[in-house]
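Me: I'd like to learn how to read a helical model, feature by feature. Could you take me through one?

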Amino acid sequence: MPKQRPKYLDLVKIRLPLPGVVSIMHRMSGAALFFLIPAALYLLQASLESQHAYAAIRSALTTPLAKVVLIGMLWGFLHHFCAGIRYLALDLDIGTDLPAARASSWAVIVVSVALTLVLGALLW
């Protein structure tokens, strides 16, 4: 009997469940936050150097493009925070059954987007 070859998996056609999507988004938001920390620290350091530097950075951050980037960073932080709380609960064996896992995944998305909209409106 010939040995069966491994089945070809088309990753574009595979539909990942919502908890898997939240997991990937958690990793991506964490990596993005990690790589944006140096820029944020540079802006903080530069803003503390003098009043002129503070005014220059403040005026640069009031442009629409900068605000969109800041709102994106805000969403990344809030999603990573909410998903982190979800994973802490899962580590404590809370919400590990499938319906609860799906509900907590939806809660992470809804809460992070809602908080981003509220805080983004205050930022704008």
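Me: Let me start with a single residue: is D93 buried or exposed?

Reply: Happy to help, and one thing to keep in mind is that this is a predicted model. The general idea is to look at relative accessible area, where a residue over 50% counts as exposed. D93 has a relative accessible area of 58%, so D93 is exposed. D93 sits in the loop between α3 and α4.

Me: What is the phi of D93?

Reply: First, the background: most residues other than glycine have a negative phi. D93 has a positive phi, near 65°, and is a residue other than glycine. D93 also follows α3.

Me: Next, helix lengths. How far apart are the end C-alpha atoms of helix α4?

Reply: The idea is to set the end-to-end distance against an expected span, which is 1.5 Å times one less than the number of residues. Helix α4 covers residues 98-123, and its 26 residues should span 38 Å. The end C-alpha atoms of α4 are 37 Å apart, which agrees. For α3, with 28 residues, the reach from the first C-alpha to the last is 40 Å, close to the 40 Å expected.

Me: Which residues of α4 are buried?

Reply: Here the cut-off is under 20% relative accessible area. In α4, the buried residues are A101, S105, V108, I109, S112, T116 and G120. Their cover includes α1 and α3.

Me: And which residues of α3 are buried?

Reply: That list reads A66, K67, L74, G76, L78, H79, C82, A83 and R86. What covers them includes α1, α2 and α4.

Me: H79 catches my eye there. What is its relative accessible area?

Reply: The value is 0%, so H79 is buried. A useful next step is to ask what a buried residue touches, leaving aside its neighbours within four places in sequence. H79, a residue of helix α3, is in contact with V22, M25, H26, S29, V108 and S112. Two of those names, V108 and S112, also appear among the buried residues of α4.

Me: Which residues make up the largest nonpolar core?

Reply: The general idea first: in soluble globular proteins, nonpolar side chains tend to be buried together. In this model, the largest nonpolar core has 6 residues, namely L18, V22, C82, A83, V108 and I109. Two or more residues of this core come from each of α1, α3 and α4. To follow one member, I109 touches L18 and V22, not counting residues up to four places away in sequence.

Me: Now the outside. Which residues make the nonpolar surface patch?

Reply: For a patch, look for nonpolar side chains that are accessible and lie close together. F34, F35, I37, L41, L44 and L48 make a nonpolar surface patch of about 690 Å². Two members show how the accessibility classes work. L48, in helix α1, has 66% relative accessibility and therefore counts as exposed. I37 lies in helix α1 too, but at 44% I37 is partly exposed.

Me: How far apart are the C-alpha atoms of I37 and V22?

Reply: Here we compare separation along the chain with separation in space. I37 and V22 are 15 residues apart along the chain, and their C-alpha atoms are separated by 22 Å. E49 and F35 are 14 residues apart along the chain, with 23 Å between their C-alpha atoms. E49 is placed in helix α1 and is exposed, with a relative accessible area of 58%.

Me: What is the C-alpha separation of Y54 and L43?

Reply: That one is 9.0 Å, for residues 11 apart along the chain. Y54 belongs to helix α2, and at 42% relative accessibility Y54 counts as partly exposed.

Methods. Residues numbered from 1 in each chain as written. Predicted model: local features only at pLDDT ≥ 70, side-chain atom pairs only at ≥ 80, totals over all residues. Heavy atoms only, no water. Patch = residues over 30% accessible without salt bridge, like charges linked within 9 Å, V, L, I, M, F, W, Y side chains within 5 Å. Areas by Shrake-Rupley, 256 points an atom, 1.4 Å probe, with all protein chains shown as cover. Salt bridge = Lys/Arg side-chain N within 4 Å of Asp/Glu carboxyl O. Buried < 20%, exposed > 50% of the residue type's maximum accessible area, 1.4 Å probe, protein only. Contact = heavy atoms within 4.5 Å. Core = buried A, V, L, I, M, F, W, Y, C linked by side-chain atoms within 4.5 Å.
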